[in-house]
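Student: I have a new structure open and I would like to learn how to read it. Could you go through the features with me, step by step?

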Amino acid sequence: ALFNIVFVLFELLRTHFRVVFLIFEWWYFRKYGTSFIEQVSVSHLRPLLGGVDSSSPSNSNTSNGEADSNRQSVSECKVWRNPLNLFRGAEYNRYTWVTGREPLTYYDMNLSAQDHQTFFTCDSDHLRPADAIMQKAWRERNPQARISAAHEALELEDCATAYILLAEEEATTIMEAERLFKQALKAGEGCYRRSQQLQHHGTQYEAQHRRDTNVLVYIKRRLAMCSRKLGRTREAVKMMRDLMKEFPLLSMFNIHENLLESLLELQNYADVQAVLAKYDDISLPKSATICYTAALLKARAVSDKFSPEAASRRGLSTAEMNAVEAIHRAVEFNPHVPKYLLEMKSLILPPEHILKRGDSEAIAYAFFHLQHWKRVEGALNLLHCTWEGTFRMIPYPLEKGHLFYPYPICTETADRELLPMFHEVSVYPKKELPFFILFTAGLCSFTAMLALLTHQFPELMGVFAKAFLSTLFAPLNFIMEKVESILPSSLWHQLTRI
């Protein structure tokens with residue numbers, strides 16, 4: 001009899017659970033337009049089981065598609081130089097003096113050292129004593145040793161790369177760094193003119209001219225950034241435009257991203273749109289700056305009058321739909337940015353290198369562009385109301401994308417090496433299951449275990465069930481006894497009869 005009671009209780013519990021789940025499934029379908037069971041199986045179970053999309057190309061194109069996807073994933077996990085990286089002496093070191101924390105990781109600084117050796121040295125450095133000293137200086141790990149070597153090179157001659165090193169690492173203010181870069185510009189222009197005349201005389205001279213070109217472009221770019229940081233934004237814009245006209249082939253430096261940020265500071269949105277029209281091309285590598293600046297311009301047209309309540313009643317207009325689609329496009333490219341723009345996650349100093357579509361790129365973008373989003377009335381409100389819709393549009397972004405290829409899975413490892421230890425790296429998509437799924441799984445597992453134990457050990461489970469029920473109803477029996485002792489027996493008799 002006790003076993004039958006327990007079985008009936010289990011059946012009632014299972015029936016109640018079915019009713020609750022059907023109500024939840026109906027509510028979920030009404031709200032999101034898709035089945036909860038289908039969403040769970042596609043978004044959470046399929047990646048865990050290693051499933052693939054059934055709508056993949058035919059077998060004849062599978063190998064080519066996988067190879068292209070692998071190449072794209074590898075290229076996207078490549079680390080890039082941050083176009084807006086700060087100055088070590090005037091900004092990164094100042095942070096260390098104030099907080100006692102190191103804003104740059106060893107991996108990030110090692111990448112910078114490799115960049116300096118690539119851009120600022122060549123095989124003919126032994127012909128010039130100062131350049132030979134600087135070739136060793138860029139390989140030094142100790143900052144003081146690098147600075148001492150730069151001073152030693154300057155004692156021999158005016159060396160542009162020595163001035164660069166001092167401006168980057170020894171100067172403690174932007175004004176001091178600008179002064180050193182101006183000296184570097186004078187020395188760099190002289191070397192550039194001399195090597196330009198000899199560039200066709202042999203492979204050695206071509207390498208030297210390439211190095212002098214890199215040095216000159218770097219100096220002019222950093223001078224423009226100094227002007228931007230000192231408030232001379234129009235001067236910085238002119239310097240960047242002249243630099244892009246003089247060296248149009250050096251797109252690897254991404255000078256247009258510096259130009260976009262300066263134009264946004266001037267609120268010159270027409271010129272921003274013109275720059276985007278040139279660089280937001282399908283054949284060029286995308287960046288968070290390109291995608292989110294395009295979204296900001298689209299949002300600017302409608303954000304001041306946007307209301308989610310009104311939009312839900314009347315639907316989205318054409319301009320609002322364009323803005324929402326631009327936001328979805330940007331979020332699909334880099335899903336980490338909105339939390340920084342909406343200040344749901346704290347910002348840190350950007351690293352010297354970034355991983356496109358990673359947390360490091362999101363930090364670098366938000367660090368400089370948050371003020372531009374705040375300046376446009378209602379832009380952050382529109383972003384807040386619409387950015388999460390991207391994840392419903394692409395329920396499993398690791399397997400396929402809507403506008404871009406699938407979101408790479410290699411970003412977390414690289415970001416942990418680029419970002420300091422005190423920063424909590426943003427991971428997307430997180431491998432977390434909703435509470436309702438965990439609760440359902442636990443309840444079903446517990447029910448199955450009880451049914452199995454009852455089938456195998458009926459007598460023992462009967463004893464446990466009796467003890468459990470007696471313990472469960474002990475407080476109720478205690479209250480009943482107290483009521484019987486307080487109420488008159490005749491009144492209690494009438495109540496029990498009722």
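Student: How many helices and strands does the chain have?

Tutor: This is a predicted model, so every value we discuss is computed from it. The chain has 25 helices and 2 strands.

Student: What share of the residues is buried?

Tutor: Here we ask how much of a residue's surface is left accessible, and under 20% relative accessible area counts as buried. Of the 498 residues in this chain, 44% are buried. The chain exposes about 28100 Å², and 59% of that comes from carbon and sulfur atoms.

Student: What do the contacts say about residues that are distant in sequence?

Tutor: Take the contacts between residues at least 6 apart in sequence: 69% of them join residues at least 24 apart.

Student: Can we look at one element and its cover? Which residues of H12 are buried?

Tutor: Helix H12 spans residues 255-265, and 10 of its 11 residues are buried, making the helix mostly covered. The buried ones are Ile 255, His 256, Glu 257, Asn 258, Leu 259, Leu 260, Glu 261, Ser 262, Leu 263 and Leu 264.

Student: What covers the buried residues of H12?

Tutor: The cover includes H10, helix H11 (233-246), helix H13 (269-279), H14 and H18. Look also at what follows H12: Gln 267 has a positive phi, near 60 degrees.

Student: Now the rings, please. How many aromatic pairs are in the whole structure?

Tutor: A search of the whole structure gives 8 aromatic pairs. To read one, look at the distance between ring centres and the angle between the planes; an angle over 60 degrees counts as edge-to-face. Phe 120 and Tyr 218 are such an edge-to-face pair, at 5.1 Å centre to centre with 80 degrees between the planes.

Student: Which parts does the pair of Phe 120 and Tyr 218 tie together?

Tutor: Phe 120 sits in helix H5 and Tyr 218 in helix H10 (residues 203-229), so this pair ties together parts that are 98 residues apart in sequence. Phe 120 is buried, at a relative accessible area of 3%, and Tyr 218 is buried too, at 9%.

Student: What about Phe 367 and Phe 368: how are their rings arranged?

Tutor: They also form an edge-to-face pair, with 5.0 Å from centre to centre and 75 degrees between the planes. Phe 367 is partly exposed at 31% relative accessibility, whereas Phe 368 is buried at 11%.

Student: Which residues do ring pairs link into a cluster?

Tutor: Ring pairs join Phe 120, Trp 138 and Tyr 218 in a cluster.

Student: Next, empty space. What is the volume of the second largest pocket, and which residues lie nearest its centre?

Tutor: A pocket is open, while in a cavity the probe fits but cannot get out. The second largest pocket holds about 620 Å³ of space. Its lining has 27 residues, with Arg 88, Met 109, Arg 141, Pro 143 and Arg 146 nearest the centre. Two or more lining residues come from each of helix H4 (88-99), helix H5 (106-120), helix H7 (143-156) and helix H8 (160-170). H5 gives the largest share of this lining, 7 residues. By class, the pocket lining divides into 10 nonpolar, 9 polar and 8 charged residues.

Student: And how many cavities of 30 Å³ or more are there?

Tutor: The search finds 4 of them. The largest cavity has a volume of about 90 Å³. It is lined by 15 residues, and nearest its centre are Glu 332, Ile 394, Pro 397, Tyr 407 and Tyr 428. Helix H16 (318-333) and helix H20 (389-393) are the elements that give two or more residues to this lining. The lining of the largest cavity has 10 nonpolar, 2 polar and 3 charged residues.

Student: Which helix gives the most to the lining of the second largest cavity?

Tutor: That is H18, with 3 residues. Helix H14 (288-300) and helix H18 (359-375) each supply at least two residues there. The second largest cavity has about 70 Å³ of space. Among the residues that line it are Asn 82, Glu 257, Ala 288 and Tyr 365. You have met Glu 257 already, as one of the buried residues of H12. By class, this lining divides into 6 nonpolar, 3 polar and 2 charged residues.

Terms used
Residues are numbered from 1 along each chain as its sequence is written. This is a predicted model: local features need pLDDT of at least 70, side-chain atom pairs count only at pLDDT 80 or more; totals for chains, interfaces and linings use all residues. Side-chain values use heavy atoms; hydrogens and water are left out. Helices (H or I, at least four residues) and strands (E, at least two) are DSSP runs, numbered from the N terminus. Buried means under 20% relative accessible area, exposed over 50%, partly exposed in between (1.4 Å probe, protein chains only). Contact means heavy atoms within 4.5 Å. Accessible areas come from the Shrake-Rupley method with a 1.4 Å probe; for residues, only the protein chains shown count as cover. On a 1 Å grid over the protein atoms alone, a cavity is a set of points where a 1.4 Å probe fits but cannot get out, and a pocket is an open set with protein on both sides within 12 Å along at least five of seven lines; lining residues have an atom within 4 Å of a point. Grid points are joined across faces, edges and corners, and a volume is the space filled by probe spheres set on the points. Ala, Val, Leu, Ile, Met, Phe, Trp, Tyr, Cys and Pro count as nonpolar, Asp, Glu, Lys and Arg as charged, and the others, Gly among them, as polar. Rings of Phe, Tyr and Trp (its six-membered ring) pair if their centres lie within 6.5 Å; planes under 30 degrees apart count as stacked, over 60 as edge-to-face and the rest as tilted.
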